[in-house]
Amino acid sequence: MVKRLIVAYALWAVGGPLGLHHLYLGRDRHALLWMLTLGGFGFGWVREIIRMPAYVAEANQDATNMAPPSVGPVRFAGQVCVGIYFGTVALIGLNSLSFFYLIVLPLCVGAGVHLVSSVGQQTSDLQKTLTACLITSPIFYGSTLSPLPISLAASVTATQHCRYKPPQKPRSKQELGPRLFVLGLSWLAFSAPLGYCIFHNTTATLYYLSDCLAALLDIFWFLPWLRSVLEYILLMPYRILCFFTGGSYYEEAWKKVLEILLREYTEREKEALQVLSLEVEASLEDITRSYRELAKTWHPDHNPSKNAEEMFMKIQEAYEVLLRRHRPHRFK
């Protein structure tokens with residue numbers, strides 16, 4: 001069936017960030033990418049104003065009459081950004097898994113890079129892309145910014161092995177149901193770990209995001225003006241919220257927002273409160289006072305009981321957990 005440009009533009013305007021126009025044009029992987037990134041973080045969706053005629057022509061042309069494939073700077077940048085995005089989501093939602101930095105993280109980054117590299121009528125070698133990720137990940141083991149070098153290595157490998165997909169037969173309306181089912185499962189597989197982490201481990205999620213942003217800003221310590229510009233951009237969503245609510249985006253207001261977001265204790269923090277014999281309303285001073293008293297009581301040098309050392313370690317760990325919750329925010 002011939003695809004109409006006016007229909008593609010209409011779907012782009014109505015549900016562009018969700019990839020409705022790509023679904024209409026038979027670009028299912030592009031649709032999935034848009035679903036997961038909300039239209040390529042908004043930039044890709046806007047760019048498609050001028051790209052739409054080429055997409056429609058590509059959907060209607062003979063798959064056997066094509067020029068050699070090439071990867072432009074936009075696609076390469078998209079591979080790197082989506083690889084980092086997938087890696088960040090994995091760091092937030094899956095970092096408790098065994099062998100996370102050696103297997104889980106590189107596979108997630110590689111999946112993001114391959115998804116971008118296979119958009120449209122070209123693809124890359126998935127096995128070689130994932131191999132590049134698995135080789136690179138041990139070098140940056142445990143680093144907060146490890147998704148960046150892993151994504152760069154995967155993007156370079158995907159670019160070197162770029163090729164066209166085999167021609168596909170035209171899709172019929174009867175295939176729409178199974179296609180939507182596959183897209184739905186893919187979206188659920190991506191969002192479920194992140195959703196679980198946000199709703200059941202809000203504090204750790206926010207602290208991780210804070211650490212990532214702070215680590216990113218610390219890279220530009222030698223260019224204070226650039227660091228200030230990046231910090232301004234990263235805090236723009238909060239400033240926009242304050243503009244519409246009439247609030248202030250200065251440090252005290254930012255701390256109040258964090259206090260609201262972090263008021264719910266995680267299960268680990270609740271256990272830490274029990275170890276230190278504290279109530280939920282305990283302040284940082286209360287936590288420190290209780291820690292010092294219990295540490296003095298259970299210190300192995302002063303307590304001859306057999307479980308003194310074990311209890312002392314629990315007290316130490318509980319204090320560190322609660323101290324991390326109450327530490328000042330790193331942005332200034």
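These legends cover the whole chain and two helix pairs in a predicted model.

Local features need pLDDT of at least 70 and side-chain atom pairs count only at pLDDT 80 or more, while totals for chains, interfaces and linings use all residues. Residues are numbered from 1 along each chain as its sequence is written, and side-chain values use heavy atoms, with hydrogens and water left out.

**View 1. The whole chain has 16 helices and two strands.** Helices (H or I, at least four residues) and strands (E, at least two) are DSSP runs, numbered from the N terminus. Of its 332 residues, 37% are buried (under 20% relative accessible area, 1.4 Å probe, protein chains only). About 19,900 Å² is exposed by the chain, 65% of it from carbon and sulfur atoms (Shrake-Rupley method, 1.4 Å probe).

**View 2. Helix 6 (residues 100–117) crosses helix 7 (residues 126–136) at roughly 135°.** Their axes, which are lines fitted to C-alpha atoms over the stretch in contact, with angles from 0 to 180 degrees between N-to-C directions, come within 8 Å. Helix 6 is therefore oblique to helix 7 (not under 35 degrees, over 145, or 65 to 115). Contacts (heavy atoms within 4.5 Å) involve residues including Leu 102, Ile 103 and Pro 106 of helix 6 and Leu 126, Thr 129 and Cys 133 of helix 7.

**View 3. Helix 3 (residues 28–41) packs with helix 4 (residues 43–60) at about 135°.** Their axes are 8 Å apart, and the two helices are therefore oblique to each other. Among the contact residues are His 30 and Trp 34 of helix 3, and Trp 45, Glu 48 and Tyr 55 of helix 4.

Conventions. Buried means under 20% relative accessible area, exposed over 50%, partly exposed in between (1.4 Å probe, protein chains only).
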